[in-house]
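Got your viewer open? Load the model, show it as a cartoon, and let's take a walk through it one selection at a time.

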Amino acid sequence: MIKTLINAWKVPDLRKKLLFTGLMLAVFQLGCAISVPGISSDAIAQLMGIGAGATEAGQASIFNFLNIIGGGALENASIFAMSITPYVTASIIIQLLTVAIPALERLAKEGQEGRKIIEKWTRYSTVILAFIQASGIYIGLVNSAAVDDPGFMSFATIVISLTAGTALLMWIGEQISDKGVGNGISLIIFAGIVTRVPSMIQQFIIAIQSGTVSWLVGIIVVVAVLAVFALVVLMNDAERRIPVQYAKRVVGRKMYGGQSTHIPFKVAMAGVIPIIFASSLMAFPSTIAQLFGGAQEGGWVAKFLQFIGPTSWFYAVLYFVLIIFFTFFYTAMMYNPIEMSNNIKANGGFIPGIRPGRPTSEYISRVMNRVTVMGSIFIAFIAVLPLIASGSNVSVGFSGTSLLILVGVALETNRQMESQLMMRHYKGFLE
C-alpha cells in the first residue's frame, strides 16, 4: 500500500485527490476537538464507563461504541460525538427496504437516476435518525447530571449541534467520495478508529511498565494481534468462485458468447454489519438503564445487567450466536439465488455440470450457505476473541470490529488507487 501511495503521489491528478482527502479528514479531526456548550466531559466519561465511578452498564452501553467509532469525539463532548453512525444505520435500513419493498427495488434498478433518489432519501433518513439519537443522548446526559443547565435551550443547543455535526460529516464523506480517494464515509470511520490506536498502545506500554501486564504476556499479545491481523487480511479477500460458461450464439454475421467467467462469493460477504447489529442489540439493555437511571446497585436491574454484562460467559455465547444469525439474515436479504439463476439463464449461461433453472438456484443456494457458515464463524470469532482474552471491557470486544473495518477500508482504498493508476497508465500509453 505504501508503494501505491508513492506512485499515486507522483501523478498530479491523484496528488490533488490525496491532498483533498487529507484536508477533509483534518477537518474531521478539528471538529472532534470542538465541544458542545453546556456538557460536562467528566460526567460523559462516567456515563461511558471510562472515568472515576464508572459502572459495567456504562462500559457495555452503546455510548462506548460511539466513542470508539468517532475517535473519542463523544468522550470530548464534541459536535461530531455521534460520528457517522446515523448515516450507516440509515443506509442499512434503506438497503434492506430496497430488497423488501418492490417499488424501491424497481427504483434501484433504474440506473443513475434511481440511485440519486435513493441517496436523497438516505440523507433525509440520516438527519431524522441523528435527531432521534441526539435526543436519546441528551436524556442520558441529563439523567447522568452531565448537562450544566437542563432545559429547552440546552436541549435545542445540544441536539441541534449533534445533528448538524452528523450532517456535516455526511457532507464531508460525500465530498471525499466525489473529489478524493476512496469511500468518504468509510474513511471517516477509518480515521476515527486510527486516532484511538496511539492511546491504546500507550496504555498497553504503561501496563507493561507498571507490572500490571508481564513482558511475556505482552509479547504473546503482540504476536496474537499480528496473527489475527494477518488472518483478517487473508479472509477479507477469500472467496468461493462458481464457474459460469456462456454458450456461443450467432446474431446476424457476428458470433457472441463462448467465454467463461465466474460468480464470486466472498467468505466475509456481510462484513461488519452483523457485528453492528449484534453489538447494538447486546448494548440495548445497558443503554436503556443508563438513559433512565435504572441500574441502582443491588437492584434486580443491576443484577440482570451483570448477568448479561461483557464479563459473563452468557454475553460471549449470545454475542457469538447473534453474529452468526445476523450474518445469515443479511446474506439472505441481499442475495437471491433464484434471481441469480434466472439472470444466468436469460444471458445464455450455465454452470458446468448443473442444469439451468431450479437445479442451478439450489446449487447456488447450497454453495452460498456453506460460504456463509465459514464467514459467520470467522466474523463471530474475531469479535468474541478479545472478550474471551480479556473478559473485562466491552471496548476490547469492539477491537474485533475495528480491525475488520481497518483492514476492509485499507484494502478497498488501495484497490481504488491501483485501478486509477492503471487507468492513467493505459491512457498515457494510448496517447
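Start with the whole chain on screen and think about who touches whom. Of the contacts in the protein chain with a separation of 6 or more, 71% are between residues 24 or more positions apart. Keep in mind that this is a predicted model. The chain has 18 helices and five strands, and 42% of its 431 residues are buried.

**Stop 1: a helix crossing**

Select residues 152-179, which are helix α9, and residues 184-194, which are helix α10. Their axes come within 7 Å and cross at roughly 115 degrees. Now show the side chains where they touch: α9 brings L169, M170, I172, G173, I176 and S177, while α10 brings G184, I185, L187 and I188. What kinds of residue make up this contact of α9 with α10: nonpolar, polar or charged? Seven are nonpolar, three are polar and none is charged.

**Stop 2: just past α10**

Next, click on T195, in the loop between α10 and α11 (197-210). T195 counts as partly exposed because its relative accessibility is 31%. Look back to G192: its backbone oxygen lies 2.7 Å from a polar atom of the T195 side chain. Then pick out Q29, which is 166 residues from T195 along the chain. The C-alpha atoms of Q29 and T195 are nevertheless separated by 8.8 Å.

**Stop 3: inside α8**

Go to helix α8, residues 112-143, and find T126. Is T126 buried or exposed? With 1% relative accessibility, T126 counts as buried. Setting aside neighbours within four places in sequence, its contacts are P86, Y87, A90, T166 and M170. You've met M170 already: it is one of the α9 residues that touch α10.

**Stop 4: out in the open**

For a change of scene, select W215 in helix α12 (residues 215-237). W215 is exposed, with a relative accessible area of 62%. Try a distance label from W215 to I205: the two are 10 residues apart along the chain, and their C-alpha atoms are separated by 9.9 Å.

**Stop 5: a sheet of three strands**

Now color the strands β4, β1 and β5. They form an open sheet in that order, with antiparallel pairing. β4 (260-266) and β5 (349-350) stand at the edges with a single partner strand each, so one side of each has no neighbour in the sheet. Zoom in on β1, residues 239-246, which pairs with β4 over seven bridges. Which residue of β4 does P243 stand opposite? That's H262.

**Stop 6: a helix with two faces**

Finish at helix α16, residues 337-346, and highlight its buried residues: P337, M340, S341 and I344. Turn the view until you look straight down the axis of α16: these buried residues fall within an arc of 100 degrees, so they line one face of the helix. Here's the general idea: an α-helix has 3.6 residues a turn, so residues three or four places apart point the same way. On the face of α16 turned away from the buried side, you'll find the exposed residues I338 and A346.

Before you leave, check what lies around the two ends. At the start of α16, a side-chain oxygen of N336 reaches to within 3.1 Å of the backbone nitrogen of I338. Following α16 comes G348, whose phi is positive, near 75 degrees.

How values were computed. Residues are numbered from 1 along each chain as its sequence is written. This is a predicted model: local features need pLDDT of at least 70, side-chain atom pairs count only at pLDDT 80 or more; totals for chains, interfaces and linings use all residues. Side-chain values use heavy atoms; hydrogens and water are left out. Axes are lines fitted to C-alpha atoms, for helices over the stretch in contact, and angles run from 0 to 180 degrees between N-to-C directions. Helices (H or I, at least four residues) and strands (E, at least two) are DSSP runs, numbered from the N terminus. Contact means heavy atoms within 4.5 Å. Ala, Val, Leu, Ile, Met, Phe, Trp, Tyr, Cys and Pro count as nonpolar, Asp, Glu, Lys and Arg as charged, and the others, Gly among them, as polar. Buried means under 20% relative accessible area, exposed over 50%, partly exposed in between (1.4 Å probe, protein chains only). The arc is that of the directions from the helix axis to the C-beta atoms. A polar contact is a pair of N or O atoms within 3.5 Å; within protein, one must be able to donate a hydrogen and the other to accept it, and residues adjacent in sequence count only if both atoms are side-chain atoms. Two strands pair if DSSP finds at least two bridges between them.
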